[in-house]
Amino acid sequence: GKAFGIKTNIINGNDVWESWEALEEAMDYVRTERKPFLLEARVSRLYGHSSASGAPRWNEEDCLDVFEEKLLKALELAQAEIDKLCELQLRLVAEARKAGHAPVKYSVVAPEFPEPVRSFVTGKALEPIRKALHHGYKHKHGIAEQIKPLKESLVAEVLEKAKTDPAFAGQEVHVGAILSEIKGEEGRAMIVHERVRPDGRRLDEIRSIAIHTPALPCTHGSAVFTRGETQALVAVTLGTPEDMQIMDELEGEYKDRFMLHYNFPGYSVGEVKPERGPSRRDIGHGLLARRALLPLLPDAEQFAYTIRIVSDILESNGSSSMASVCGGSLALFDAGVPMKAPCAGVAMGLFTDKGKVAILSDIAGLEDHVGDMDFKVAGTRNGVTAVQMDIKVAGISIAVMKEALAQANRGRL
């Protein structure tokens, strides 16, 4: 498919600039007046024909208390420009064909599980999996614990059948993958058509929240934020201006007075692994939480301290980055930082099936694993400060994004 990316900006008065000339004028204002961007939106990877509007594949925004309406307006502007750029790509492809350079198409085909083992496992496992999904387990491993003995028994049965039927020889290796596929398909159908979630919550229901602050005796500020089975221990340390981090970038060297470091140890998900440097995932989660909190920090003239936040994830079952945002906001207040406003974040999910759509608040477990969208929204009572979205379908419409933002706003508040 065609792919393109574009930036849209809200500068000086919360306006989306609708022409390149206006944007250049606004950039001059930013350079001369040294005012920050109020919104920087990146939209990329539009799949399908350019005439199929409203299908951004991935986007990420960070802003200063921008209302959801402004954010959607920026995305709509970006989408219109992306359509033009995709049309340009189509014209270039046509010119390449005329010159005798036909593009090569690559396709990825999902693996098909062989018969008869697929039908055998499905027939045996469908009802037990449906029953496990409808049980309403509140803990992370509830469904897996029910499916584990089922898998063991099915593997034993396939091995036994292989003694008399060559078609089953060596097919026991597919049992686990077939069960996972059934679990995903049935979970999707249950959420979209029955409006029931695996843990029994309503689609817009947030898990129970617990807050403990201060959490540590010898830090400037600290908090433990718990939402369901996700828990973050967040600590704040204040330093002098000389403690600012020196950043050596392509544009030159500068100093940063705000740092947020996110740690995701193996024990948070019951794994035993060596603790080395942060992964790309850890770095990305930390940057998202940093973006959410940065616009709410006081100006250096008002609060000259260097600020470092460290978020250690103690337990994880859904959106530890948003737990870091909530815990970070609490820890900053505990440290006496005069924040402009409290900040909170929530992870949204999207499920689609046969034309129907279900938008979920505070996704966890199976919803995070097999859903079509992971949509994280952080902000204050007044608006959004950071958004990050990753989706697995060809694209979503602006209307669905509008509904997701509205539901995320209710969950955040």
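Contact means heavy atoms within 4.5 Å. The exercises below use a predicted model.

**Exercise 1. Find which residues of helix 4 are buried, and which helices they pack against.**

Solution.
- Start with the extent. Helix 4 covers residues 142-162, which is 21 residues.
- Check its span. The first and last C-alpha lie 31 Å apart, close to the 30 Å expected at 1.5 Å a residue.
- Pick out the buried positions. They are Gly142, Ile143, Ile147, Leu150, Leu154 and Val158.
- Recall the helix rule. An α-helix has 3.6 residues a turn, so residues three or four places apart point the same way.
- Look for the neighbours. The buried residues of helix 4 pack against helix 3 (117-133) and helix 5 (175-194).

**Exercise 2. Find the salt-bridge partner of arginine 118, and say which helices the pair links.**

Solution.
- Take the total. The structure holds 19 salt bridges.
- Find the partner. Arginine 118 pairs with glutamate 181, with the closest N and O atoms 2.5 Å apart.
- Place both ends. Arginine 118 sits in helix 3 and glutamate 181 in helix 5, 63 residues apart.
- Classify arginine 118. Its relative accessible area is 22%, so it is partly exposed.
- Classify glutamate 181. At 26%, it is partly exposed too.

**Exercise 3. Are aspartate 362 and arginine 207 buried or exposed? Trace the network they belong to.**

Solution.
- Confirm the bridge. The side chains of aspartate 362 and arginine 207 meet at 2.9 Å, N to O.
- Locate the partners. Aspartate 362 is in the loop between strand 13 (356-361) and helix 8 (366-370). Arginine 207 is in the loop between helix 5 and strand 5 (209-212). The two are 155 residues apart.
- Judge accessibility. Both aspartate 362 and arginine 207 are buried.
- Follow the shared partners. One network joins Arg197, Asp199, Arg201, Arg207, Arg227, Asp362 and Glu367.

**Exercise 4. Lay out the five-stranded open sheet, then add the helices that lie on it.**

Solution.
- Write the strand order. It is 5-6-7-11-10, with mixed pairing.
- Mark the edges. Strand 5 and strand 10 (258-263) each have a single partner strand, so one side of each lacks a neighbour in the sheet.
- Add the twist. Neighbouring strands are turned by 15° against each other on average, direction ignored.
- Inspect one pair. Strand 10 and strand 11 (residues 306-315) run parallel, joined by six bridges. Histidine 261 has valine 310 in strand 11 as its bridge partner.
- Place helix 6 (residues 280-293). Helix 6 lies across strand 10 and strand 11, at about 140° to strand 10.
- Place helix 7 (residues 320-334). Helix 7 packs on the sheet and makes about 145° with the direction of strand 6 (221-227).

Conventions. Residues are numbered from 1 along each chain as its sequence is written. This is a predicted model: local features need pLDDT of at least 70, side-chain atom pairs count only at pLDDT 80 or more; totals for chains, interfaces and linings use all residues. Side-chain values use heavy atoms; hydrogens and water are left out. Helices (H or I, at least four residues) and strands (E, at least two) are DSSP runs, numbered from the N terminus. The expected span of a helix is 1.5 Å times one less than its number of residues. Buried means under 20% relative accessible area, exposed over 50%, partly exposed in between (1.4 Å probe, protein chains only). A salt bridge is a side-chain nitrogen of Lys or Arg within 4 Å of a carboxyl oxygen of Asp or Glu. Two strands pair if DSSP finds at least two bridges between them. Axes are lines fitted to C-alpha atoms, for helices over the stretch in contact, and angles run from 0 to 180 degrees between N-to-C directions.
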